[in-house]
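Open the model in your viewer and prepare to walk along one protein-protein interface, beginning with a single pair of side chains and widening the selection step by step.

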Amino acid sequence: MTQRLMERRQILTFLGTLAAAGFVLPKMAFANWDKVAFEAKTMDEALKALGAGTPATSGDVQIVASDIAENGAVVPIQAISKLPNTERIAILVDKNPSMLAASFDLTPETIPEVTARIKMGQTSNVVVLVKADGKFYAASKEIKVTLGGCGG
Amino acid sequence: MGSPMKIRASVKDGVTEIKVLMGHEMETGQRKDANGAVIPAWFINEVTAKLDGKTVMQAQWGPSISKNPYLAFKVKGGKAGDKVSVTWVDNKGDTRTDEAAAT
Amino acid sequence: MDRASVGIMAFLMVSATAVTVAYAQKDAAQDSIEAYREALQDGNPAELYEASGEDLWKTPAGPKAASLERCDLGLGPGVVKGAYAQLPRHFADTDRVQDLESRLLTCMQTLQGKDPKPYIEASFTAPPKEEMNALAAYISGQSKDAPIAVTLAHPKEQAMYDLGKRMFNYQGGPYDFACATCHGQEGTRIRLQDLPYIPSAKGAAAGWSSWPAYRVSAGQMWSMQWRLNDCFRQQRFPEPVYTSDATIALSMYMAATANGATMKTPGIKR
Amino acid sequence: MKHFALLAAALLALAGPAQSQTVLSQTAGSQTAPSQMAGWGPGADDAAFSRMLASSFKDKGVAKIDRLTQDETQAFCSNPVLAASPAAAAQRQRIEAANMATVKWPSDGQWLGDWKQGEALAQSGRGNTWSDKADTPNGGNCYNCHQISPTEISYGTIGPSLTQYGALRGQGEETLKAAWAKIVNAKASNACSNMPRAGHMGILGETQIKHLMALLFDPKSPVNAQPGPTK
């Protein structure tokens, strides 16, 4: 799996080079969607598909989000890596039917802090997975999803 | 084609902050309509951002990203006037690219 | 996002634990909800609707193939900037007190030759209402940061205000609800949603200045008419007719009570 | 929807709230017309208000325009300034007594049902809106306004906290009766309470009210759980 990711990365780099050289091939560049990872039914499966196995818990991976979401349809999440050479940041939601919400491939110029908004079907752990220097690290945080409004 | 994105890019202290709003249903494929029929999944699954022509972010998304997605991130370097371009592709193969100049 | 993050960092946990004891949760829960709302402010999808509303305003349409750019929203034909902050108001040409959406229907009829009926009767998620919601997003956005300045100088404006105040307190239906049931006391909430106390200037401003708003719960752009419509639904009332006098009266009551506050439209809400 | 029998015939189409006021005057003796009541503007006269109501609402789904026809309690409470005034004290008491007279006690003498079903009812805010079907089970709407089980952090504050309700009060006959009456007809003890009259208006049936009673009083209900250490 790790090898597959490495190859993928090389392909990206290759395409990046092409793009930088003026060869813009958008359709080809988007043929990378990781179906296996996005359709994983358990956290273990998702991590395996991402090549992460059992990532090390790290204080250098941070999740900035409110403890309680007023609505599960939009939960703002900022995922931060303080680890050098961060290549990839992924956001996973333990109790969502599609656990992997997003993964971001970064370049050396990209500061490893991404903000996105995710759906959460219910109160759940949110996991941020970081790949840095070829190794995987993770942090998790419980976010409560509340019932709101008049409920009618 | 989708509706136009809103892209904001601002340069401060040698860092370009890029914020993008995209108009998209991001349908999960889990919901049912009033007649009980499943609404098919329809979501952006790939996003690429470039600063001054160079790819700085390539994202893969699943249906758990919220409707009308918002994405914010920062890149070292950049200057006012640099072109920021963002492209999304959805699972139906629809795609859209929009651009903005950094300020 | 960064401003919010500083405060939230304190809550940061490396691994998920925290089954907090409920008795200590009241303040923590409200703080968390505040942090959530703050995080939403940074990217408001209402901007996407403002853009499509601007297109609708400027694109010729209807039997007369005219745009809405000559529409008089109260500050003269074609003046959009600041107009929403001064609505509802009495219009001499119709001799009616009109809110934004009612006035837009007038302009669509007179300038574009459109029949307002489909716009009135369509559900809020149907295409004709999508146009109204987008137009409301655009026009209200052009009053962002403007002070609310609604006048009661015309007798019909005063009468509309009085009717609105009475409507606000009018109980009915199987639950005995009036607007005042939920919005008639200071400092209460439904579930975790704070309820503005509409009879006060501060409460009226909290309500009036933040609609139209993007609702994250449904991913929809709601105009003030839609907001009021759904209040009446939850109130177990029959449905208010789109742009009917009861809705304009309530708007007049709220807007006039909020006078002087700053428009924050379009807003973003749960 | 069970309105008072005396007012059941009042039709909005004829005179709307003005008619309700008229009927109220007959039953209550001295009455003040709304336009003369403190707090109402000079323009908000009965006729204009009735015209506005009649032209502004339409039937939709289960929510018909007859819901705008007020009963005596609703008409009285729609002028909060008058309703809260010392001058209206006698009328408040009379309205409370009339509402109390509608309260039906449990048919089998049993007060408490199943607290778990009570919790589900308390959570639900469904029912009776125009987007609900006629057969949508009605919820109790309780958490919208009350803190109840301490494990639910999303609760409203329009009504008082009900946490520890039974633990603090016990299960004496008068205590049970008061809680029952409050759920069945909240206006029996406070004419203009914000709380719906769940039993009187047919929102909840006797069995469901027993479940809510159990949620409040059953020692096993989380409402009455020993408070844990705070942290």
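In this predicted model, begin by selecting C:Glu239 and D:Lys58, which form a salt bridge whose closest N and O atoms are 3.5 Å apart. Keep the backbone of both residues displayed, since the next stop concerns the strands: C:Glu239 stands opposite D:Lys58 in S1(D), and 2 bridges join S7(C) to this strand, residues 57–58 of chain D, with the two running antiparallel.

Now widen the view to the charged and polar pairs that link the two chains. The salt-bridge rule finds 6 such pairs across the interface of chain C and chain D, while the count of residue pairs in polar contact, with both residues at pLDDT 80 or more, is 27.

Next, colour the side of chain C that touches chain D by secondary structure. The elements giving two or more residues to this side include helix H2 (25–41), helix H7 (155–168), helix H10 (224–234), strand S7 (239–240) and helix H11 (245–257) of chain C. Which element gives the largest share of this side? Select H7(C), for the largest share, 6 residues, comes from there. Recolouring by residue class then shows 23 nonpolar, 12 polar and 11 charged residues on the side of chain C that touches chain D.

Finally, select the whole contact, which takes 46 residues from chain C and 65 residues from chain D. Together chain C and chain D bury about 5100 Å² between them, and 59% of that area lies on carbon and sulfur atoms.

Notes: Residues numbered from 1 in each chain as written. Chains lettered and ligands numbered in written order. Predicted model: local features only at pLDDT ≥ 70, side-chain atom pairs only at ≥ 80, totals over all residues. Heavy atoms only, no water. Contact = heavy atoms within 4.5 Å. Buried area = accessible area lost by both parts, 1.4 Å probe. Salt bridge = Lys/Arg side-chain N within 4 Å of Asp/Glu carboxyl O. Polar contact = N/O pair within 3.5 Å; in protein donor to acceptor, adjacent residues only side chain to side chain. Helix = DSSP H or I, 4+ residues; strand = E, 2+ residues; numbered from the N terminus. Nonpolar A, V, L, I, M, F, W, Y, C, P; charged D, E, K, R; others polar. Pairing = 2+ DSSP bridges.
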